[in-house]
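This report walks through the fold of one protein chain, from strand pairing to charged contacts and model confidence. The sequence and the coordinates come first, and the description follows.

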Amino acid sequence: RCIERLLAFTRAEILRRMEILQDFCKVEVRLEQSNQVDTVMPSIKIKVPTTLIVTNKGTQPVYVSIADIQPDGFINVILPNANRTILPLRLAPSETRALPLAISPPLGFEMYKIFVTPSSLDLSVLINTRGETTLEHPLKQLFYKTYRGEAPVALDISALAVLSYSFKIVP
């Protein structure tokens with residue numbers, strides 16, 4: 001159990017530090033709650049209706065997947081979600097989508113990692129299978145290696161952008 005927690009912490013740290021900016025990627029993500037002003041580090045209350053707003057401000061269509069790195073280091077995929085009610089999100093240029101979310105503990109600083117690609121990427125397949133998948137994507141090796149505690153590999157990042165959105169979960 002201790003080794004699994006250390007590996008989870010390592011995976012979370014690798015994802016937290018991953019930031020890949022690309023010219024094709026001009027995606028904006030934010031969370032909205034009633035009576036909440038989006039600041040540099042917004043505070044999001046648990047058990048309050050929350051909306052995830054995703055906007056493609058670029059000139060090309062893109063697909064968006066989002067991983068949630070919880071304060072305790074666990075990683076969940078929120079887009080597409082596990083029960084498949086939300087599929088990989090395709091956004092046309094200038095398109096905005098609003099998706100309802102349920103925010104729950106643990107309390108503390110949370111980070112969304114936004115993966116933007118020109119073709120569909122089901123991030124849940126990579127994270128939930130620990131990289132053991134037939135999916136051919138540069139991120140496959142990253143997840144496969146880090147789930148085994150091996151050093152990360154160099155990635156072909158020409159068709160991948162990774163952005164961050166941080167916030168604090170409060171009671």
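In this predicted model, Gln 33 stands opposite Thr 50 in strand 3. That pair belongs to the antiparallel arrangement of strand 1 and strand 3 (residues 50-56), which are joined by 7 bridges. Both strands are part of an open sheet of 3 strands, whose order is 1-3-7 and whose pairing is antiparallel. Strand 1 and strand 7 (96-101) take the edge positions with a single partner strand each, so one side of each of them has no neighbour in the sheet. On average, and with direction ignored, neighbouring strands of this sheet are turned by 20 degrees against each other.

**Overall architecture**

The protein chain contains 3 helices and 9 strands, and from the N terminus on its elements follow the order α-β-β-β-β-β-β-β-β-α-α-β. Of its 171 residues, 46% are buried. Its accessible surface comes to about 9000 Å², and 56% of that area belongs to carbon and sulfur atoms. When contacts between residues at least 6 apart in sequence are considered, 72% of them join residues at least 24 apart.

**Strand 9 and its partners**

Strand 9 (residues 161-170) is mostly covered, with 7 of its 10 residues buried. Which strands pair with strand 9, and in which sense? Strand 8 and strand 9 pair in the antiparallel sense over 9 bridges, and within this pairing Phe 115 stands opposite Val 162. Strand 2 (residues 43-45), by contrast, pairs with strand 9 in the parallel sense, over 3 bridges, and here Ser 43 stands opposite Lys 168. In general terms, strands of a sheet pair through backbone hydrogen bonds, and the pairing may be either parallel or antiparallel.

The loop between helix 3 and strand 9 holds Ser 158, which is exposed, with a relative accessible area of 56%. Despite this exposure, Ser 158 touches Gln 22 and Phe 24, when residues up to four places away in sequence are not counted. The C-alpha atoms of Ser 158 and Leu 21 are separated by 9.9 Å, although the two residues are 137 residues apart along the chain.

**Salt bridges**

Side chains of opposite charge can pair when their charged atoms come close. A search of the whole structure finds 7 salt bridges, and the table lists three of them with the separation of the closest N and O atoms.

| Salt bridge | Closest N and O atoms |
|---|---|
| Lys 113 and Glu 19 | 3.4 Å |
| Arg 30 and Glu 28 | 3.5 Å |
| Glu 32 and Arg 30 | 2.8 Å |

What does the salt bridge between Lys 113 and Glu 19 tie together? Lys 113 lies in strand 8 (residues 108-117), whereas Glu 19 lies in the loop between helix 1 (2-17) and strand 1 (27-33), so the pair ties together parts that are 94 residues apart in sequence. The two partners also stand in unlike surroundings: Lys 113 counts as buried, at 0% relative accessibility, while Glu 19 is partly exposed, with a relative accessible area of 43%.

Arg 30 takes part in a salt bridge with Glu 28 and in another with Glu 32. These three residues, together with Lys 57, are linked in a network of salt bridges. Among the members of this network, Arg 30 is partly exposed at 24% relative accessibility, Glu 28 is partly exposed with a relative accessible area of 31%, and Glu 32 likewise counts as partly exposed, at 34%.

**Confidence in the model**

The protein chain averages a pLDDT of 79, and 73% of the residues score at least 70. Confidence is highest in strand 3, at 92, and lowest in helix 3 (residues 138-147), where the mean is 61. Where pLDDT is low, the predicted coordinates should not be read in detail. That caution concerns helix 3, given its place at the bottom of the confidence range, while strand 3, the partner of strand 1 over 7 bridges, stands at the top of that range.

Definitions and conventions
Residues are numbered from 1 along each chain as its sequence is written. This is a predicted model: local features need pLDDT of at least 70, side-chain atom pairs count only at pLDDT 80 or more; totals for chains, interfaces and linings use all residues. Side-chain values use heavy atoms; hydrogens and water are left out. A salt bridge is a side-chain nitrogen of Lys or Arg within 4 Å of a carboxyl oxygen of Asp or Glu. Helices (H or I, at least four residues) and strands (E, at least two) are DSSP runs, numbered from the N terminus. Buried means under 20% relative accessible area, exposed over 50%, partly exposed in between (1.4 Å probe, protein chains only). Two strands pair if DSSP finds at least two bridges between them. Axes are lines fitted to C-alpha atoms, for helices over the stretch in contact, and angles run from 0 to 180 degrees between N-to-C directions. pLDDT is the predictor's confidence in each residue, from 0 to 100. Contact means heavy atoms within 4.5 Å. Accessible areas come from the Shrake-Rupley method with a 1.4 Å probe; for residues, only the protein chains shown count as cover.
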